[in-house]
Amino acid sequence: MVRFCSHRFTRVTAISTTKHDPWIVLDTARQVATPEGIEITLRVAGPVPRALAYLIDLLIRGVVLIVLMIAVAALGEFGKALLLLAAFSLEWLYPVFFEVMAAGATPGKRVMGLMVLNDDGTPVRWPASLTRNLLRALDFLPFLYFTGLCAMIANRDFKRLGDLAADTLVVYRERKPAAASIPVSAPVAPPAALSLSEQRTLLEFAGRSARITPERTAELAEIVMPLTGQNTGEAAVQRLIGIANHLIGRR
Amino acid sequence: MKQATFEARYLAEIERFEKWLDLGPKQWRKTQNDPAAGLETGDMPAAYRQLCQLMALARDRQYSPDLVDRLNHLVLRGHHVLYGPAGGQRARLLAFLAGGFAATVRAERKLVFTSALLFFGPLLLLLSALQWYPDFVLHFVSPVQLAQYEEMYDPANARLGQRDSDDNVMMFAFYIWNNVKIGIQTFATGLAFGLGSIFYLLFNGTVIGAIAGYLTAVGHGKPFWSFVAGHSAMELIAIVLSGAAGLKLGAALIAPGNQTRKAALIDAARPAIRIMYGAALMFLIAAFIEGFWSPLKSFPVPVKYGVGIALWVLVLTYFLLAGRKRAA
């Protein structure tokens with residue numbers, strides 16, 4: 001009966017149903033089972049934020065190298081040696097070091113809110129990080145990570161060849177979610193029994209009501225005539241929030 | 001149970017866990033047995049499992065997404081801490097060097113022999129052929145490069161294998177930068193069904209064989225061989241091992257066996273990267289020898305040959321014998 005659920009709302013519930021659900025194909029959410037028998041949700045990152053993260057890292061590495069070049073200019077041959085060693089380390093060891101020692105993210109990935117994880121959601125260690133970063137030599141070919149890009153768009157986890165071999169994922173670092181935010185109001189019993197998905201939709205609506213413009217919340221609330229009754233506008237919103245309060249059991 | 005009751009009962013516990021996570025690793029060590037920290041570090045696994053259960057309940061009961069997201073976030077963070085890097089890295093590294101590396105290489109001996117054939121085959125072939133037809137070298141190396149090599153190995157130089165203007169430390173750094181890069185390329189391009197590794201092995205074997213053969217044929221043999229003798233074992237075997245590691249990746253794609261190609265690749269990457277650890281270390285040692293020992297002219301030629309042969313024996317013995325007990 002309640003028909004105001006946009007596709008985004010239904011999708012959240014769809015994830016836990018079947019593997020061949022059409023929504024899942026287009027979704028970047030990945031469910032990872034842990035040894036505790038539960039599933040945690042990861043969101044894989046696509047080529048664009050990863051390319052930007054790479055560019056930021058490239059910039060940082062370039063600046064470090066230029067600064068070093070100026071600093072060691074006076075040291076002659078020994079300076080040249082330092083420069084070569086630095087160039088080598090920045091090219092091959094920089095990403096490995098940060099991915100293992102700094103919570104899965106090079107500075108560029110950190111800026112873009114990304115991190116590298118093993119496929120099972122655990123942090124990467126030296127072997128996996130080294131595998132994915134040494135294989136950059138292949139992903140880069142023939143120019144500008146063309147091979148890597150082709151691999152990324154050919155599989156559903158956006159893995160370049162290095163990620164495929166190392167069994168790693170690049171995911172969005174989860175931001176700390178806002179604290180539970182269903183506004184407190186006098187609970188109102190719904191006029192009819194609601195199904196679980198309807199209840200969940202109402203809870204989502206109530207939780208987000210503070211983050212959407214009042215006009216839009218009112219518009220959304222008015223769709224659910226059977227629940228709001230004669231109320232319109234702000235009153236309809238308040239009624240739905242009241243029902244949500246009833247559903248989560250506030251007294 | 002309604003969500004409000006659930007929150008009233010468990011929110012304190014959830015917040016306690018969150019507060020502990022916020023402390024970070026340094027504080028965890030400090031407050032290990034300090035009850036004031038809210039959660040003792042040793043209690044973390046139990047608290048984490050409890051949190052997992054709370055999240056499963058919250059999801060199953062369709063509590064509000066805010067709460068479920070928050071629990072998911074905390075479980076994810078707890079998961080990273082609990083299954084994060086373990087200690088004992090140093091002991092594992094020592095065990096790897098003491099024999100694990102040799103055992104891994106022996107386990108892949110078919111690929112190692114294939115790789116060695118691809119590299120040493122053209123090398124030895126050209127080396128011997130050029131003794132009769134030195135001009136044949138021009139098919140492989142340009143005259144400009146050849147002149148550079150002749151200059152490097154001129155018997156009149158003060159040092160071997162380097163121009164007089166080159167500095168030891170600089171050359172050491174250059175060898176690392178250049179040789180490890182070649183090793184990585186040889187390894188990584190093996191993922192392309194082995195083709196890249198095969199190319200780099202054949203290519204490097206050919207060039208090295210051509211230059212060695214030519215220099216020997218035109219009478220620069222003594223400075224050349226006494227220069228390369230010292231680091232040849234480490235460097236050449238490291239290149240062969242890089243190639244073998246690359247072929248391992250390629251072989252997994254060509255013949256994945258009773259697995260998907262992806263799963264076969266992941267399985268193959270583990271021993272391959274272990275071989276690469278060792279190969280990188282060998283490149284490092286080779287660069288050190290090549291930078292500081294090989295150019296020395298103050299030692300008589302037989303001593304330099306002797307050291308070179310000793311290192312070959314040492315390296316081959318290591319790969320034949322080390323780690324047998326552990327692997328068995």
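## Loops, chain contact and domains in a predicted two-chain model

Colleague: In this predicted model, where in chain A is A103(A) found?

Modeller: The elements on either side of A103(A) are α4 and α5 (107-111) of chain A. The model is predicted, and it places A103(A) in the loop between α4 and α5.

Colleague: What is the phi of A103(A), which is not a glycine?

Modeller: Most residues other than glycine have a negative phi. A103(A) departs from this pattern, as its phi is positive. The value is about 55°.

Colleague: Does A103(A) count as buried, partly exposed or exposed, and which of these applies to L144(A)?

Modeller: A residue needs 20 or more C-beta neighbours within 10 Å to be buried, and 12 or fewer to be exposed. A103(A) has 16 such neighbours, so it falls in between. L144(A), by contrast, has 11. A103(A) therefore counts as partly exposed, and L144(A) as exposed.

Colleague: Which loop of chain A holds L144(A)?

Modeller: L144(A) is not a glycine, yet its phi is positive, about 45°. P142(A) also has its place between α7 and α8 (146-154) of chain A. L144(A) is found in the loop between α7 and α8.

Colleague: What is the omega of the peptide bond that joins L141(A) and P142(A)?

Modeller: Most peptide bonds are trans. The bond between L141(A) and P142(A) is cis. Its omega is about -10°.

Colleague: How many residues of each chain are in contact with the other chain?

Modeller: Two residues are in contact if their C-beta atoms lie within 7 Å. The contact between chain A and chain B involves, from chain A and chain B respectively, 47 and 49 residues.

Colleague: Which element gives the largest share of the side of chain A that touches chain B?

Modeller: Elements that give two or more residues to this side include β2 (39-43), α4 (77-101) and α10 (196-208) of chain A. By type, the residues of this side divide into 28 nonpolar, nine polar and ten charged. The largest share, nine residues, comes from α4(A).

Colleague: How far apart are the centres of domain 1 of chain A and domain 2 of chain A?

Modeller: Domain 1 of chain A covers 47-172, and domain 2 covers 196-247. Taken over C-alpha atoms, their centres are separated by 47 Å.

Colleague: How far apart do the C-alpha centres of the two domains of chain B lie?

Modeller: The assignment for chain B gives domain 1 as 3-82 and domain 2 as 90-327. The C-alpha centres of these domains are separated by 52 Å.

Colleague: What radius of gyration does chain B have?

Modeller: The C-alpha atoms of chain B fill a box of roughly 90 × 45 × 40 Å along the principal axes. A compact globule of 328 residues would have a radius of gyration near 20 Å. For chain B the value is 29 Å.

Colleague: How many helices and how many strands does chain B have?

Modeller: From the N terminus on, each element of chain B is an α element. The count comes to 13 helices and zero strands.

Colleague: What is the distance between the end C-alpha atoms of helix α9 of chain B?

Modeller: Helix α9 (residues 195-217) of chain B has 23 residues. The expected span takes 1.5 Å times one less than that number, so α9 should span 33 Å. The end C-alpha atoms agree with this, being apart by 32 Å.

Colleague: Which residue with a positive phi follows α9(B)?

Modeller: The phi of this residue is near 95°. The residue is G219(B).

Definitions and conventions:
Residues are numbered from 1 along each chain as its sequence is written. Chains are lettered from A and ligands numbered from 1 in the order in which they are written. This is a predicted model: local features need pLDDT of at least 70, side-chain atom pairs count only at pLDDT 80 or more; totals for chains, interfaces and linings use all residues. Helices (H or I, at least four residues) and strands (E, at least two) are DSSP runs, numbered from the N terminus. The radius of gyration is taken over C-alpha atoms; the globule rule is 2.2 Å times the number of residues to the power 0.38. Domain bounds come from an automatic or database domain assignment. Ala, Val, Leu, Ile, Met, Phe, Trp, Tyr, Cys and Pro count as nonpolar, Asp, Glu, Lys and Arg as charged, and the others, Gly among them, as polar.
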